[in-house]
Structure formats: structure tokens, C-alpha cells
Amino acid sequence: MSIDLTAASITEVVQKTFEDAEDERVKELLVRLVQHLHDFTREVRLTGEEWFKVMDFLERVGKTCTPTRQEFVLLSDILGLSVLVDLIHHPGGGSATDSTLLGPFYVEGRPTAKNGSDISGEVDGPPLFFNGQVLDPDGNPVAGAKVDTWHSDGEGLYDVQMPDKLHGQLAMRALLTTDDEGRFWYRSVAPRYYPVPTDGPCGEILRAANRSPMRPEHVHFWLHAEGFEPLITMLVRRDDPYVERDAVFGVRRSLVVDFVEHDAGETAPDGTCMDESFQAVEGTFVLARKER
Ligand code: BEZ
Ligand code: FE
């Protein structure tokens, strides 16, 4: 190892320390990471003060994380990294439904629900009726697919953002199973556009860049079925003011759909004659076959 280091030569010296890594992929990732980190540092001539600010920032990102608050996921989202990783491996253009980012509000342990049930929990708001169908790439229904769905309330808040109001109960999320025709359907409350959380360190980046924190109105889905690739996706409201400027770059054209507004007195998709206005949304999800 060299003790005659320069700002140019240190990169190779550090990279050589990874040479004995047994896992080739780990080695590649570390070597290339050091290359890009060092190049970045030389390019911007990072000062010691700035680097300490970065480390303090990362420390605060870590300390903001809880089981229901994932600031590192949010950091990856606002920097476009979550979507970049997804786009590299799911560029779209095939027969399968486009995927997009998971976001920080998926939680394990969500309740299972029967088709047709109301998944809104203790949350009030104008009703939303969702009707979906899961198909294979040939257009045949996928029966028995597991469909996770979750969304915000009419003020743009997820259940985990209002634990006091909901007494820690989960709401507006469920795991459903498709029927023989590949269909799943449920009732909930209408979501709304919302800001990503800005009360933590990621908010500092958005404010420093004068960037909007808003995400357009959407509903999330995570689908699993035997023999198919899992699909993480969401459907986004077409006439939403933020559809073209999502803070986390998660909207893809094919995922933009109509959230249809209906007046009181109209019949809901489940046959109920409604005495209040409601939204109806439909979605078809095509799963890619798992390669053997
Ligand atoms: C979401 O859609 O739930 C979300 C995604 C990224 C950052 C914040 C929220
Ligand atoms: Fe969301």
C-alpha cells in the first residue's frame, strides 16, 4: 500500500483493497462506488466542512427512521434513485404492466380482506370503489393472485401518519385475493394528492432546491402470483394537478387512469345506490411470467 498518496492516486489504492473480496459482484460494487465517490469529491472539490455536513445529514436520516418512517427510502425516492433502479430492470414497453417505486408507506402486517369489503377502517371520506383484474401476458385471468393495496385519505395522509387519531390501527390498506376471473374489488375512501414528509432531513433538500414535495393522487398495488414476477405499481389520477411533476418521479404514462367522479344518486360498481358522491377507479394488471 502506498504512503505517497495524492488526490489522484488514492482511488486506485483504495480499490486494490477490495481485490480479495470473494463475491465478484460485491467487489465490482465497491470498486465502482469508490471510483464514483472519489471522482465526485475531486470534481466538486468537496471541503472538509461540507463533508461533515453530509455525514451529519446521513446520521440524521438514520435517526429519523422508525418501523413506520423510512427516511432512507424517502432520500432514495427524492434523488430519483428508487425509480432509476426500477427503470433499469423494468424499462417497460413489454406486455406487462409498468412498475414503479414502493414508497415508504407499505407496511407488513396489513389486514387481509374479502373482495367487496370496505378497507377504509376508521377513516371517513367520500367513498372510492376500486375494481381490478389481473391477467397473464396472453390475456388470461390470474386466479388466486395476492394483491396488496394501500393509499392515503382525502387529506393526503396514510394511516401510519396519524397513529393517535386511528389508535395505531391500520386503515386504507389490505391484502386481497383475485377470484376465478382474476378480479379483485373493494370499497375505501377517496385519496388525495399529498406532500412527501418534509419534517425530516429530506425536507431540507427539497426546501434548499425550492422543489415541490407533492405527489399526485394515487393508489398503490403490490401483486404476487405463483409463476409470475411480483409487480409493484400504482395508478395515478389523470386530472391531478401534480401528475406531471411528482416529487419522487414515480408516475409512468401507462399508469395514469381516470378516477371517475360520480354524483349522489348514482349506482356504485357494487350495485349500491349511493346517497353521496363517490369515485370509481378501474385497473388491469398484466403480470410477467417468471423466467425458469
Ligand atoms: C408514496 O407514494 O407513498 C410515497 C412514495 C415516495 C415517497 C413518499 C411517499
Ligand atoms: Fe403513496
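Tutor: Let's start with a word we'll need: contact means heavy atoms within 4.5 Å. Keep in mind, too, that this is a predicted model.

Student: Okay, which residues is Thr11 in contact with, leaving aside its neighbours within four places in sequence?

Tutor: Those are Val34, Gln35, His38 and Arg42. Thr11 itself sits in helix H1, residues 10–16.

Student: How do you know whether Thr11 is buried or exposed?

Tutor: Look at the relative accessible area: buried means under 20%. Thr11 has 4% relative accessibility, so Thr11 counts as buried.

Student: Now the iron ion, ligand 2. What makes a residue a donor there?

Tutor: A donor is an N, O or S atom within 2.8 Å of the metal. Tyr158 and Tyr194 each offer OH, His218 and His220 each offer NE2, and these protein donors lie 1.9 to 2.1 Å from the iron ion. Along the chain, the donors follow the spacing Y-x35-Y-x23-H-x1-H.

Student: What does the pair Tyr158 and His218 tie together?

Tutor: Tyr158 is in the loop between strand E2 (146–151) and strand E3 (173–177), while His218 is in strand E7 (residues 218–224), so the pair links parts that are 60 residues apart in sequence.

Student: And why are Tyr158 and His218 called buried or exposed?

Tutor: Use that under 20% cut-off again. Tyr158 has a relative accessible area of 0%, so Tyr158 is buried. His218 comes in at 1%, so His218 counts as buried as well.

Student: Why is the site of the iron ion called irregular?

Tutor: There are six donor atoms, with angles of 55 to 161° among them. For six donors to count as octahedral, opposite donors must be over 155 degrees apart and all others between 65 and 115, and anything else is irregular. An angle of 55° fits neither range, so the site is irregular.

Student: Let's move to the helices. What makes H4 and H6 roughly parallel?

Tutor: Helix H4 (residues 71–78) and helix H6 (residues 201–208) pack at about 20°, with their axes 9 Å apart. Angles under 35 degrees count as roughly parallel, so H4 and H6 are called that.

Student: Which residues make the contact?

Tutor: From H4 they are Glu71, Leu74, Leu75 and Ile78, and from H6 they are Pro201, Cys202, Ile205 and Leu206. Seven of the contact residues are nonpolar, none polar and one charged.

Student: Where do the buried residues of H6 pack?

Tutor: Pro201, Cys202, Gly203 and Leu206 are the buried ones, and they pack against helix H3 (48–64) and H4.

Notes. Residues numbered from 1 in each chain as written. Chains lettered and ligands numbered in written order. Predicted model: local features only at pLDDT ≥ 70, side-chain atom pairs only at ≥ 80, totals over all residues. Heavy atoms only, no water. Donors = N, O, S within 2.8 Å, 3.2 Å for Na, K, Ca; no water. Tetrahedral: all angles 85-135°; square planar, octahedral: opposite > 155°, others 65-115°. Helix = DSSP H or I, 4+ residues; strand = E, 2+ residues; numbered from the N terminus. Buried < 20%, exposed > 50% of the residue type's maximum accessible area, 1.4 Å probe, protein only. Axes fitted to C-alpha atoms, helices over the stretch in contact; angles between N-to-C directions. Parallel < 35°, antiparallel > 145°, perpendicular 65-115°, else oblique. Nonpolar A, V, L, I, M, F, W, Y, C, P; charged D, E, K, R; others polar.
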